[in-house]
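Here is a guided reading of a structure, taken from fold to interface. Keep the coordinates open while you read.

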Amino acid sequence: MNREYLSVILVDDDEGNRILFKNIFKELKIGVKVQSFGNGENLMEYLNSKEAQIPEILFMNYHISQKNSLECISEIKTDFRFDNMVTAIYSENLSENEVEEIFVNGANIFIKKKDDYNAMKKVLSEVITINWQYYTSGLNRDNFIMKV
Amino acid sequence: MYVKFDFNALCKKILDEKLKEHGLKYRLLNFGEVEFYESLTQEQHTIFKKNLEDYGIEIIESQRTALAQKIKDAIVELVFSEEMIPVKASIYIAEKLNHSYGYLSNLFSEVSFTSIENFIILQKIEYAKELIINNKQSLTEIAHKLNYSSVAHLSTQFKNMTGITPSQFQKIIVKRRKAQSLISNTRMQYE
């Protein structure tokens, strides 16, 4: 429990986005260890493997290829090994209904992706900080729903 | 057969055995406190810590972390208390832990990456969520129970914290439960 960092998996087809997130994570006060995947199928292959190290948070672009983000979440929700993992979905523009669907499917966080680096940093910092509180204080993740 | 546990004795015994097993020179002080006669190497510390984790025992690193934990405990007690506690949170915490609030507040922010004020709000909203899900009380009653001046005040703080309103939250949880019970029903049919 008493680690000094959060481990995170990042899934995005776009390498530029992956680099952006990694750069931001490096600048945050709370340490973040990142592992990344380029599509949904590679993610699920890893998570379902025996040697998978289950992270505290899974960050996923809403639009990922091979297996889409909603399919990944539904699959994750049926496996108790992932009960302690928080899932966060991000996208530039989704309708209210699409966001609701993400939450109903079991995701914990929706992040509206921003173009501006500093705005994005602020949002991710907020997300990581609140996750740190959930992680260190043993709060109930079933009730964890956040939209930023 | 039924068994009864003495948790205090049980935990002390495990800790005692593990410390001996690792060949450490120590003395058990109050419950949950160990004094070492020789300081542990980084490696010893890591191995010992890893071993204790199997028993669900967590090493709280330092006095600062321990104090921050005590502040969290006091906050949880304060927020979840059935009776209204008639003093301000800052006074309650300072008196309970016997330090000045300024000192505690700085220490807490450094150790926990959030302020005491934010942590109190976080806990209150968590409690509000539980009460909303239980569906036994109206939002007005929940607001009153959590010491908010009005439903609007609770809703604003809820939205600041989560990005959604209490009623949106409730709607999502209800739909999610329906979806999940469908999944587990199909699962049962297969089995």
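The text below starts with chain A, then turns to chain B and the contact between the two.

The model is predicted. Side-chain atom pairs count only at pLDDT 80 or more. Local features need pLDDT of at least 70.

Begin with the secondary structure of chain A. The chain holds five helices and six strands. Along the sequence they follow the pattern β-α-β-α-β-α-β-α-β-α-β. How compact is chain A for its length? Its radius of gyration is 14 Å, and the globule rule gives 15 Å for 148 residues. The two values are close, so chain A is as compact as a globular protein of that length. Along the principal axes, the C-alpha atoms fill a box of roughly 35 × 35 × 25 Å.

Next, consider burial and contacts. Of the 148 residues in chain A, 34% are buried. Now take the contacts in chain A with a separation of 6 or more. Residues 24 or more positions apart account for 72% of them.

The six strands of chain A form an open sheet with parallel pairing. In general, strands of a sheet pair through backbone hydrogen bonds, either parallel or antiparallel. In what order do the strands of chain A lie? The order is β2-β1-β3-β4-β5-β6. The edges are β2 (31–37) and β6 (146–147) of chain A, each of which pairs on one side only.

Look at β1(A), residues 5–11. Five of its seven residues are buried, so the strand is largely enclosed by the rest of the structure. Seven bridges join β1(A) to β2(A), and the two run parallel. Within this pair, I9(A) stands opposite Q35(A) of β2(A). The connection from β1(A) to β2(A) passes through helix α1(A), residues 15–27. This β-α-β crossover is right-handed. β1(A) also pairs with β3(A), again in the parallel sense, over four bridges. Here V8(A) stands opposite I57(A) in β3(A).

Move to the β6(A) edge of the sheet. Strand β5(A), residues 109–112, pairs with β6(A) in the parallel sense over two bridges. I109(A) has M146(A) in β6(A) as its bridge partner.

Two loop residues deserve a look at their backbone angles. Q66(A) is found between β3 (57–61) and α3 (69–77) of chain A. Its phi is near 70°, a positive value in a residue other than glycine. Is Q66(A) buried, exposed or partly exposed? Q66(A) has 16 C-beta neighbours inside 10 Å, so it counts as partly exposed.

The other residue is in chain B. N98(B) lies in the loop between α4 (89–97) and α5 (101–112) of chain B. Phi of N98(B) is near 60°, also positive in a residue other than glycine. With 7 C-beta neighbours inside 10 Å, N98(B) counts as exposed.

Finally, turn to the contact between the chains. How many residues does each chain give? Chain B gives 20 residues, and chain A gives 20 residues. On the chain B side, the elements that give two or more residues are α6 (116–134) and α9 (166–190) of chain B. The largest share of that side comes from α9(B), with six residues. By class, the chain B side divides into nine nonpolar, three polar and eight charged residues.

Terms used: Residues are numbered from 1 along each chain as its sequence is written. Chains are lettered from A and ligands numbered from 1 in the order in which they are written. Two residues are in contact if their C-beta atoms, placed from the backbone, lie within 7 Å. Ala, Val, Leu, Ile, Met, Phe, Trp, Tyr, Cys and Pro count as nonpolar, Asp, Glu, Lys and Arg as charged, and the others, Gly among them, as polar. The radius of gyration is taken over C-alpha atoms; the globule rule is 2.2 Å times the number of residues to the power 0.38. A residue is buried if 20 or more other C-beta atoms lie within 10 Å of its own, exposed if 12 or fewer, and partly exposed in between; C-beta atoms are placed from the backbone. Two strands pair if DSSP finds at least two bridges between them. A crossover is right-handed if, with the strands pointing away from the viewer, the path from the first strand over the helix to the second runs clockwise.
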